[in-house]
Amino acid sequence: MSYSSASMGSGSRTTRRTFEFGRTHVVRPKGKHQATIVWLHGLGDKGSSWSQLLETLPLPNIKWICPTAPTRSVAIFGGYPCTAWFDVGDLSEDAPDDLEGLDASAAHVANLLSTEPSDITLGIGGFSIGAATALYSATCRTLGQYGNGNLYSVNLSAVVGLSGWLPCSRTLKSRMEGSREAARHTASLPILLCHGSGDDVIAYKHGERSAQVLNSVGFRNLTFRTYNGVGHYTVPEEMDEVCNWLSATLGLEGY
């Protein structure tokens with residue numbers, strides 16, 4: 001699936017970037033379908049890697065959708081192409097924000113969720129740059145719009161971020177000020193963030209800082225979990241936490 005994004009260039013010319021998303025892998029619920037969660041992989045990975053892990057979780061009522069990011073040149077790798085939800089030059093909240101790439105990926109995720117039945121609760125989760133994209137989607141949900149001003153209309157009930165960071169954190173507070181609707185959505189949207197203290201790719205301080213920023217702008221229903229000594233990977237204890245949190249937050253049956 002492709003996504004075209006327009007931006008103004010010099011003079012009156014309009015430039016377009018087209019993002020070609022890779023294959024989407026779906027894990028069907030083994031029990032009654034109650035929730036659908038789009039899960040976003042890390043830098044250079046693909047959807048199939050996470051679909052294999054998610055299929056083993058004791059969450060029979062969840063349908064998992066695992067898309068694959070577009071292959072693009074990535075600044076942190078000196079322009080070398082790999083799968084990435086957006087371009088990144090520094091894996092932290094201090095990096096310049098690729099709003100065009102973020103909006104394209106957030107819109108792709110929203111499109112995947114938009115066709116789900118109306119009685120199904122919806123969520124987004126991810127690892128590393130996938131977690132960053134999930135958190136960006138959370139801010140789009142609360143603001144009701146993407147960074148480019150287009151309407152964001154998917155109703156999210158849960159957001160999970162593992163070993164990630166919050167993009168656009170420097171401008172989030174000013175964007176949310178004065179919006180009662182945004183304040184209402186931030187207070188009610190549940191978010192689970194997990195980060196290893198030994199992460200040498202996305203430093204723990206970036207995950208911690210992202211949680212602090214989200215809390216400061218009104219995300220009160222936020223849980224931040226620290227895993228001592230854990231690096232840039234998942235461990236069984238962390239996935240157990242995700243299962244317990246999703247089950248309680250979404251009111252899943254049979255867990």
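The following questions and answers concern the architecture and selected residues of a predicted model.

Q: In what order do the 7 strands of the open sheet lie?
A: The sheet is open and its pairing is mixed. Neighbouring strands are turned by 15° against each other on average, direction ignored. The order of the strands is β3-β5-β4-β8-β9-β10-β11.

Q: Which strands stand at the edges of the sheet?
A: An edge strand here has a single partner strand, so one side of it is left without a neighbour in the sheet. This applies to the strand formed by residues 25-27 and to one other strand. The edge strands are β3 and β11.

Q: Which residue in β8 stands opposite Ile37?
A: Strand β4 (residues 35-40) pairs with strand β8 (residues 121-127) in the parallel sense, over 6 bridges. Opposite Ile37 in β8 stands Gly123.

Q: What angle does the direction of helix α6 make with that of β11?
A: Two helices that pack on the sheet are α1 (residues 47-54), which touches β3, β4, β5, β8 and β9, and α6 (residues 204-216), which touches β10 and β11. The direction of α1 makes about 160° with that of β5. For α6 and β11, the angle is about 165°.

Q: Why is α3 described as oblique to α5, and at what angle do the axes cross?
A: The axes of helix α3 (residues 129-143) and helix α5 (residues 180-188) come within 7 Å. In this contact Arg141, Thr142 and Leu143 of α3 meet Glu181, Ala182, His185 and Thr186 of α5. By class, the contact has 2 nonpolar, 3 polar and 2 charged residues. Angles over 145 degrees would count as roughly antiparallel and those of 65 to 115 as roughly perpendicular, so α3 is oblique to α5, with a crossing angle of roughly 135°.

Q: Is Ser128 buried or exposed?
A: Ser128 is placed in the loop between β8 and α3. Beyond four places in sequence, Ser128 touches Gly42, Leu162, Ser163, Gly164, Trp165, Ile202 and His232. Its relative accessible area is 5%, and the limit for burial is under 20%; Ser128 is therefore buried.

Q: With which side chain does the side chain of Ser128 make a polar contact?
A: The contact joins two side chains at 3.0 Å. The partner of Ser128 is His232.

Q: How far apart are the C-alpha atoms of Gly229 and Gly196?
A: Gly229 lies in the loop between β11 (222-227) and α7 (236-250) and is exposed, with a relative accessible area of 56%. Not counting residues up to four places away in sequence, Gly229 touches Ser197 and Gly198. Gly229 and Gly196 are 33 residues apart along the chain, and their C-alpha atoms are separated by 6.3 Å.

Conventions: Residues are numbered from 1 along each chain as its sequence is written. This is a predicted model: local features need pLDDT of at least 70, side-chain atom pairs count only at pLDDT 80 or more; totals for chains, interfaces and linings use all residues. Side-chain values use heavy atoms; hydrogens and water are left out. Helices (H or I, at least four residues) and strands (E, at least two) are DSSP runs, numbered from the N terminus. Buried means under 20% relative accessible area, exposed over 50%, partly exposed in between (1.4 Å probe, protein chains only). Contact means heavy atoms within 4.5 Å. Axes are lines fitted to C-alpha atoms, for helices over the stretch in contact, and angles run from 0 to 180 degrees between N-to-C directions. Angles under 35 degrees count as roughly parallel, over 145 as roughly antiparallel, 65 to 115 as roughly perpendicular and the rest as oblique. Ala, Val, Leu, Ile, Met, Phe, Trp, Tyr, Cys and Pro count as nonpolar, Asp, Glu, Lys and Arg as charged, and the others, Gly among them, as polar. Two strands pair if DSSP finds at least two bridges between them. A polar contact is a pair of N or O atoms within 3.5 Å; within protein, one must be able to donate a hydrogen and the other to accept it, and residues adjacent in sequence count only if both atoms are side-chain atoms.
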